[in-house]
Every structure is written in C-alpha cells, then in structure tokens.
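Me: Please examine the model shown below and reply to a series of questions about its architecture.

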Amino acid sequence: MVYNDYYTKKAVGILQSIDNCRLDTDVSLSNLTTFSIGGNALLCTPTTISALMRVITALSNSGIPYFVLGRGSNCLADDDGYNGVIIKLGGQLCRCRVSGNMLIAYAGATTGAVSNLAIRSGLSGAEFCACIPASIGGCTVLNSGCYGSQMSDIVDSTLLTDGKRLFTYTNAQMKYSYRSSVLKGDRLIVLATKLKLSPAPRLDIQRKISDIWASKSKTQPLDLPSAGSVFMREGNVIPARLIEQAGLKGATVFGAQVSYKHSGFIVNAGKARSVDVKKLIDIITKRIYAEYGIMLKREITYIE
Ligand SMILES: Cc1cc2nc3c(=O)[nH]c(=O)nc-3n(C[C@H](O)[C@H](O)[C@H](O)COP(=O)(O)OP(=O)(O)OC[C@H]3O[C@@H](n4cnc5c(N)ncnc54)[C@H](O)[C@@H]3O)c2cc1C
C-alpha cells in the first residue's frame, strides 16, 4: 500500500489543504503511462497555476520527492510505484487557445487537442504533434518531433515556474538540441507554450497529419504498449539499425520484447514489469557496446 510509504503519507498531510488540487492515493502508474507498467503512487492534480506553485513550494520545503508527469509516453514507472508525489496537470492547465497565428497551449494539453485546434483554426506547423501521444509540456521539454519537424521549429516562448516565480524563456533560451532542451533533467516546470504557426488550408493540414499517421503505423508498433524509441539517435548512430544488425529484433525478457516492427522500440507484449524492460535495456546496451563499441544513450526516463 503506497499510502504507507514515508514521503507519500507525509505529502497527503501537507497537500490536502491546498485548494484546486485533487489528491488520489494508490493510483496505478500503469494507467498513467503508455507502457502500461508500474506500481501505485499518490497522484496530485493541480488545476490552476497558483495551486501548482503552492504544491511545488510545499513539497520542496518538506523535502518530498515529486515527478511531473505529462502523458507518460516517454517514461518507465517502477513496479514498486513511487515514494513521493506524481504531479499531473489538470483543469485550466490543460486548455489551449488561438490568438492570431499563435497557438497557446497549457502544458497539460494533449497533442491531440492542440492539433485539433490547429486544424479548426487553419494553422499549420504542428501537424507532427498530432502523431506523438504526448502532452505539450513533455514535448516542449524533450523537443519532440518526427518526419523532419520538431518543437524547436514552432516554439515561440514558454512560461515556466520553479514554484516560487513565473518566468518566460524564448526559443533561444530553451537551448534546443535533438530530443533535448535546457529543461531536461531540470526542476523547472513548463506551464504553457506559445506555438508560432502559419495559416494554411484545413484540408492540407489534415492531409499532412494523415500521411504522417499512415507512415508511422507502417513502421511503428502502435498497437502495443511502449514508450516510443528507447534510445537516442546521435549523429549517424541509429539505435534501431544497430539493434537489428546485432540480431536482437524480437529479443524478449518475460513480457518485454524488442519490437519486430521497429527495433528501436521495446513493447509490453503482455504483463511486462519494469524489471523486465530494464533487463532488456541492459542486454541491448551491453551487446551493442561489445559488437560496435558504441554506448547507446537511453531516451526514456525512469520513474523510481
Ligand atoms: C507510440 C509512441 C510513439 C512515439 N513517437 C514519438 C515521435 O515520433 N517523436 C518523439 O519525439 N517522441 C515520440 N514518442 C515519445 C514521447 O511521446 C515523447 O517523448 C513525448 O514528448 C513525451 O511527452 P509526455 O507528455 O508523455 O511526457 P512524459 O513521458 O510524461 O514525461 C517525459 C519527461 O518530461 C517531463 N515533463 C512532462 N511534462 C512536464 C512539464 N509540464 N514540465 C516539466 N517537465 C515535464 C517529465 O518529468 C519527464 O522527465 C513516442 C511514444 C510512443 C509511446
């Protein structure tokens, strides 16, 4: 029972007096992550900026660990859950709106909601987002992208908090690089991101999204739980290619399997646990290093 974990129990006492903030004990992380893996945790869902700031300040002052979760599509949650607080943005923090050619999305907004609004508003540039199962917060931090486009192409500015103050980073201040930004591994929280888009006919936008989806579903195992590409592409190093060349396509540790469709993905082929996925990642990393002298860098984040 997670509620009995030291930090979790302490956090409930501290957070329950904060308005506009829902607390749910013993929530399964397998339901909050696309890998469908993970034990239980205390889930805190602030629905306003001030509630989120109060939560962060209270947890920081008490030394209670927390993890800000988007849609959980780049994370592997531990089988034992999380001894701390999982924060997921809700309510107002999931809205998005358009102002001229700018689309302003709170960090909890899903990529689906953002792309639907962009289509309705006849704004192009965010089509790739529609094909990534994420929140705008996660995409902004990780500079997510596909098929030649990424967040750094469309981010105008980002509203952030450290729990005490609000401030804005311009695109340049985000120091974007491949699937990374200055915020990766930092404690700053994305509250909202302003996307600079361009007017285009709605049908063209929809066609672009359909084309990306068609291509993705041909090459990626979208029918099975996963967290996308497990390893980072670096320069000419394409992990999926190396994994396939090393004969690891289909390699399995209990329910965790290197996808037959895309060797860069590990899928949950049935009741996989986080230990199985970690073991498989370890096997792959060691084999690739032994065969090619290349140390693969993990892209997915462990929640532990
Ligand atoms: C089927 C599938 C296909 C995918 N395809 C792609 C693809 O084509 N391209 C691509 O780039 N990725 C892809 N991914 C990976 C994943 O969708 C992206 O990395 C995505 O941006 C993660 O967003 P998220 O909201 O789910 O973040 P999470 O997985 O919830 O979190 C990821 C990291 O971001 C941090 N974070 C989340 N929200 C905030 C916030 N508001 N403030 C501060 N930090 C925050 C978390 O703490 C964590 O460290 C795919 C994943 C799946 C499952």
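Me: Which element supplies the largest share of the shell around the ligand?
Reply: In this predicted model, 31 residues surround the ligand, the closest being Gly 70, Ala 134, Gly 137, Gly 138 and Gly 228. The elements β3 (66-69), α4 (136-142), β9 (145-146), β13 (189-196) and β15 (226-229) each supply at least two residues of that shell. The largest share, 5 residues, comes from α4.

Me: Which strands are the edge strands of the open sheet that contains β15?
Reply: The open sheet has 4 strands in the order β15-β18-β17-β16, with antiparallel pairing. An edge strand pairs on one side only, and this holds for β15 and β16.

Me: Which residue of β18 is the bridge partner of Ser 229?
Reply: Strands β15 and β18 run antiparallel and are joined by 2 bridges. The partner of Ser 229 in β18 is Phe 265.

Me: Why do the buried residues of α8 lie on the same side of the helix?
Reply: Helix α8 (residues 274-292) has 19 residues and reaches 27 Å from its first C-alpha to its last, close to the 27 Å expected at 1.5 Å a residue. Its buried residues are Ser 274, Asp 276, Val 277, Leu 280, Ile 281, Ile 284 and Ile 288. They lie on the same side because they cover an arc of only 160° around the axis.

Me: Which residues of α8 are exposed on the other side?
Reply: The buried residues of α8 pack against β4 (75-77), α7 (239-245), β16 (252-253), β17 (256-258) and β18 (265-268). On the other side of α8, the exposed residues are Asp 282, Lys 286, Tyr 289 and Ala 290.

Me: In the hairpin of β6 and β7, which turn residue has a positive phi?
Reply: Strand β6 (residues 96-99) pairs with strand β7 (residues 102-106) in the antiparallel sense over 4 bridges. In one of these pairings, Val 98 has Leu 103 of β7 as its bridge partner. The hairpin leaves 2 residues between the strands, and the turn residue with a positive phi, about 60°, is Gly 100.

Me: Which helix gives the most residues to the largest nonpolar core?
Reply: This core has 89 residues, of which Leu 103, Ala 105 and Tyr 106 touch the most other members. Leaving aside its neighbours within four places in sequence, Ala 105 is in contact with Cys 96, Val 114, Ile 136, Ala 192, Thr 193 and Leu 195. Among the 89 residues of the core, the most, 6 residues, come from helix α2 (residues 49-62).

Technical notes: Residues numbered from 1 in each chain as written. Predicted model: local features only at pLDDT ≥ 70, side-chain atom pairs only at ≥ 80, totals over all residues. Pairing = 2+ DSSP bridges. Expected span 1.5 Å × (residues − 1). Buried ≥ 20, exposed ≤ 12 C-beta atoms within 10 Å, placed from the backbone. Arc of directions from axis to C-beta. Contact = placed C-beta atoms within 7 Å. Core = buried A, V, L, I, M, F, W, Y, C linked by C-beta atoms within 7 Å. Near = placed C-beta within 6 Å.
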